[in-house]
Amino acid sequence: MSNTAGQVIRCKAAVAWEAGKPLVIEEVEVAPPQKMEVRLKILFASLCHTDVYFWEAKGQTPLFPRIFGHEAGGIVESVGEGVTDLQPGDHVLPMFTGECKECSHCKSEESNMCDLLRINTDRGAMLHDGQTRFYKNGQPIYHFLGTSTFSEYTVVHVGCVAKINPAAPLDKVCVLSCGISTGLGATLNVAKPKKGSTVAIFGLGAVGLAAAEGARISGASRIIGVDLNAGRFNDAKKFGVTEFVNPKDYDKPVQQVIAEMTGGGVDRSVECTGNVNAMISAFECVHDGWGVAVLVGVPNKDDAFKTHPVNLLNERTLKGTFFGNYKPRSDIPGVVEKYMNKELELEKFITHEVPFSEINKAFDYMLRGESLRCIIRMEG
């Protein structure tokens, strides 16, 4: 065990004191890990749109002060009671969703939606005792997604930590903690395009480009990118996208445009916007007889998906996915190996890098739509 094991650690964290206000670098106290918890030293974090969404306090119960962050790479500093499969010094990726390995979902080969550790955006404390592990002058500071990686040290449930190859560069593979794996897995694990097939990707943000990367890895012959922002089209070529459709350029539904481009529809589509009309288009643009559409984007709570049942009767398949159907502890180490084996390219997702002291710049880049992923160096 490290010489800080069992002790409170004082370190820097970026605290969100209120919604939409710049994060403040504060010295906080991080309590030792309790039963089935580990304390991590975070070396690199990256900013995901989900952090920004909840920082802006859109669409959920606001909880402040809070330490955001859920894409990161780090090293185990110490472990709590009952933790047997991690030890100090292990290289890890903390995860916003978990794998207890005991529930019916974890025991199923088909599911990654753990009963115990599935994503919970409202919870601001640890499962073990309902308390936070972060304090500032005696005031509790709430956790986010069970990870809170915008801190030099954080405490995470052991089921939300993936142990990875120590040779993997944490400043690259940290982006696999959330968005990139979500898009990649939606294609590789759920859509499963065959070599030579046609794939449409709706939404060319980081998740959509990761879905395109999955289609590229699969050997798709045509990858059609659909986005309302034509400025995204050029960059998307790096991710294997071969053709572009901007729905604003047509006076007919985009599903009709795609069907005409492809002789009846694409073999697979992946929807990464969360817009319910894009979801309907993504489903209706796949070929009858064998087409599969996969929904990734999170809709608004009042949305309803409407399509004519004949579209299903004509042998189109509609699927949904959560985190690309990857089990966090069992599967993500293998995704890291895909990067190590040069099957998967991560560098092209990383558009910016800032030191921890300038973390608010990462938010600015994302709010302006300039970044895919901005790496935050915790030291320096």
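**Why the labels apply: contacts in a predicted model**

Modeller: The count comes to 24 salt bridges in this structure, a salt bridge being a side-chain nitrogen of Lys or Arg within 4 Å of a carboxyl oxygen of Asp or Glu. The model is predicted: local features need pLDDT of at least 70 and side-chain atom pairs count only at pLDDT 80 or more, while totals for chains, interfaces and linings use all residues. Residues are numbered from 1 along each chain as its sequence is written, and side-chain values use heavy atoms, with hydrogens and water left out.

Biologist: What makes Arg-10 and Glu-29 a salt bridge?

Modeller: Their closest N and O atoms are 2.8 Å apart, and the rule asks for a distance within 4 Å, so the pair qualifies. Arg-10 lies in strand β1 (residues 9-15) and Glu-29 in strand β2 (residues 24-30), so the bridge ties together parts that are 19 residues apart in sequence. Strands (E, at least two residues) and helices (H or I, at least four) are DSSP runs, numbered from the N terminus.

Biologist: Why is Arg-10 classed as it is, exposed or buried?

Modeller: Exposed means over 50% relative accessible area, buried under 20%, and partly exposed in between (1.4 Å probe, protein chains only). Arg-10 has 53% relative accessibility, so Arg-10 counts as exposed. Its partner Glu-29 has 27%, and therefore counts as partly exposed.

Biologist: How do you know whether Arg-39 is buried or exposed?

Modeller: Arg-39 has 0% relative accessibility, so this residue counts as buried. Arg-39 meets Glu-77 in a salt bridge at 2.6 Å, N to O. That pair links distant parts of the chain, with Glu-77 in strand β4 (residues 71-79) and Arg-39 in strand β3 (residues 37-46), 38 residues apart. Glu-77 is buried as well, since its relative accessible area is 7%.

Biologist: Why are the rings of Phe-54 and Phe-144 described as stacked, edge-to-face or tilted?

Modeller: Rings of Phe, Tyr and Trp (its six-membered ring) pair if their centres lie within 6.5 Å; planes under 30 degrees apart count as stacked, over 60 as edge-to-face and the rest as tilted. Here the centres are 5.5 Å apart and the planes stand at 50 degrees, so the pair is tilted. Phe-54 is in helix α1 (residues 49-55), whereas Phe-144 is in the loop between β7 (139-141) and β8 (153-157), 90 residues apart. Both residues are buried, and both belong to an aromatic cluster with Tyr-53, Phe-64 and Phe-68. The structure holds twelve aromatic pairs.

Biologist: What makes Thr-97 buried or exposed?

Modeller: Thr-97 has 0% relative accessibility, so Thr-97 counts as buried. Thr-97 is found in the loop between β5 (91-94) and α2 (104-107). Contact means heavy atoms within 4.5 Å; not counting residues up to four places away in sequence, Thr-97 touches residues including Leu-117, Cys-160 and Phe-322.

Biologist: How do you know whether Cys-272 has a bond to Cys-178?

Modeller: A disulfide is a pair of cysteine sulfur atoms within 2.5 Å. The closest cysteine sulfur to that of Cys-272 is in Cys-178, 12 Å away, and therefore too far for a bond. Cys-374 is in no disulfide either, the nearest cysteine sulfur, that of Cys-174, being 10 Å away. Cys-272 counts as buried because its relative accessibility is 16%, and Cys-374 does so at 1%. A search of the whole structure finds zero disulfides.
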